Amino acid sequence: MSVTEGVGGASGAAERRHPAVRVALRSPGRFLLSAWPLRCWLHVLGGVLFGAVVLALLVAAVSLGVVLSAVGVGLLVLAAVPPLGIRVAAVERRRLRLVEPAALADPHEPPAAHDPWRRLRHRVGERATWRELGYAALLATVFPCAGLGVLALAGLSAILLATPVVVWALAPETVMVIPGQAIPGPLSAWPFTLLGAAGLALAAYAAGWLAVAQVRTAWFLLGPRDSGLTRRVLELTRSRVRLADAFEAERRRIERDLHDGAQQQLVALTMTLGLAEMELADTDSRAAALVTRGRGEALRALGQLRDLIRGIHPQVLTDHGLAAAVAEIAERVPVPVAVAIDLPHRLPALVETTAYFTVTEALANAVKHSGATKIGIEGRMARGRFLLLITDDGRGGADPAAGTGLTGLADRLAILRGRLSVSSPAGGPTQLRVEVPCSV
């Protein structure tokens, strides 16, 4: 059973996304021996041919619009250019699947109107339409030029690779690769074969990197951006953090008022009853028994108040940090607890508080439900994130839906863009893994 929660920007990711061909290029040898070079060459060839068609259409549409502007209908022709970018982008999203298996989503919103003129106005008013038109311009100019260079290198390299066969097939005709220097026989052509093999490898890498550039450009120009949604999610996350900060400040105020007010009054009351008990110690009156009983109840109330204050926000957490607070609560658990929290500095207050109550909830669950005989708590920093592992050797089977508090902990961590993962197979062991960034 696992619980995983996290909050991030709409455009963010836990890890940076890389095109599939970029991942393949990380292993140059495996890349050359795979189908990737052929796929990249086909993609480049298709881009050159499609780019030529797009260039012809763009030049024809713009030229016709400029010419017809003299008679007042040129604007109608030019108005058809942005929708042309939409069609080009639709084809490109399909064509990119040759080198990028992950499909690229359509960034356009469905138009509310069915009238063709209103649909055109809706599309022209979208930013995605103009980004797609910009991509069409790149596809018609920049990418075909680069693709022609790659294809020329691949074609010349293929000819050089086949030089021995050409010399053998054309014998006794003279074959010259270098002007003025005839190749006497097939064996003498092997240096050109090696040069052709190196050229093909270089052309394969060039086609791969060109595909990477085109995929990244397509992601940037043809994919959905949802910038407004991203801003709303970011603002919502920040507002949740502000609410959590305000809630934590209120908790501390209540803890301080109870610690400095009600607790001190109970201490004073206990001391006063203790003095009264000493004064009445030599008497057998009923008042002495009542004072003794009242002092006992005051002591119990004081103990309960101290537990309540510790549950709201322990003073040791404020004064000495997470490691000391966890060590203190571990001493009060009837199960042996091994604590190993190594931190180079104090964590942010909200992170400390969340981590502390995660530990208290996990310890309570382990003692009440798992039947554990030992518990381990480890905490450390890793790449700007606080990692907390809580493990017990109990019977396992922790279910977040059973009211064990795990869902509440996951929600609390989600406010900090953190994550709670629970591994609890039947028969145990149970492990809680907490990851929370410290730059909240």
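**Exercise 1. In which helix is the place of Thr 129, and is this residue buried or exposed?**

Solution. Begin by locating the residue in this predicted model: Thr 129 belongs to helix α7, which covers residues 127-140. Next, take its relative accessible area, which is 1%, and compare it with the cut-off, under which a residue counts as buried below 20%. Thr 129 is therefore buried. Finally, list what surrounds the residue: leaving aside residues up to four places away in sequence, Thr 129 touches Pro 82, Ile 86, His 108 and Arg 123.

**Exercise 2. Determine how the side chains of strand β6 are arranged, and how β6 pairs with strand β7.**

Solution. Work first along β6, residues 419-423, where the side chains alternate between two faces. Leu 420 and Val 422 point to one face and are buried, whereas Arg 419, Ser 421 and Ser 423 point to the other face and are not buried. Then turn to the partner strand: β6 and β7 (residues 430-437) run antiparallel and are joined by five bridges, with Arg 419 standing opposite Glu 435. The last step is the connection, since the hairpin of β6 and β7 has six residues between the strands, and in this hairpin Gly 427 takes a positive phi near 95 degrees.

**Exercise 3. Which strand is joined to β7 by eight bridges, and how many residues of β7 are buried?**

Solution. The strand is β5, residues 385-392, which runs antiparallel to β7. One point of reference in this pairing is Thr 391, which stands opposite Gln 431 in β7. As for burial, β7 is mostly covered, with six of its eight residues buried. Taken together, β7 is bridged both to β5 and to β6.

**Exercise 4. Describe the largest cavity by its volume, its lining and the classes of its lining residues.**

Solution. Start with the count: the structure holds one cavity of 30 Å³ or more, and the volume of the largest cavity is about 40 Å³. Its lining includes Arg 93, Arg 97 and Glu 100 as well as Leu 96, Leu 104, Val 215 and Trp 219. Sorting the lining by class gives seven nonpolar and three charged residues, with no polar ones. Sorting it instead by element, the largest share, three residues, comes from helix α10, which spans residues 190-222.

**Exercise 5. Judge how confident the prediction is along the protein chain, and summarise the makeup of the chain.**

Solution. The chain averages a pLDDT of 77, and 76% of its residues score at least 70. Among its elements, helix α8 (residues 142-161) has the highest mean pLDDT, 92, while helix α11 (residues 227-279) has the lowest, 62. Over residues 1-16 the pLDDT is below 50, although this stretch has 29 contacts in the model beyond near neighbours in sequence. For the makeup, count 16 helices and seven strands, and note that buried residues make up 38% of the 440 residues. Of the contacts with a separation of 6 or more, 71% are between residues 24 or more positions apart.

Conventions
Residues numbered from 1 in each chain as written. Predicted model: local features only at pLDDT ≥ 70, side-chain atom pairs only at ≥ 80, totals over all residues. Heavy atoms only, no water. 1 Å grid on protein atoms, 1.4 Å probe; cavity = no way out; pocket = protein on both sides within 12 Å on 5 of 7 lines; lining within 4 Å. Points joined across faces, edges and corners; volume = space filled by probe spheres on them. Helix = DSSP H or I, 4+ residues; strand = E, 2+ residues; numbered from the N terminus. Nonpolar A, V, L, I, M, F, W, Y, C, P; charged D, E, K, R; others polar. Buried < 20%, exposed > 50% of the residue type's maximum accessible area, 1.4 Å probe, protein only. Pairing = 2+ DSSP bridges. pLDDT = per-residue confidence, 0-100. Contact = heavy atoms within 4.5 Å.
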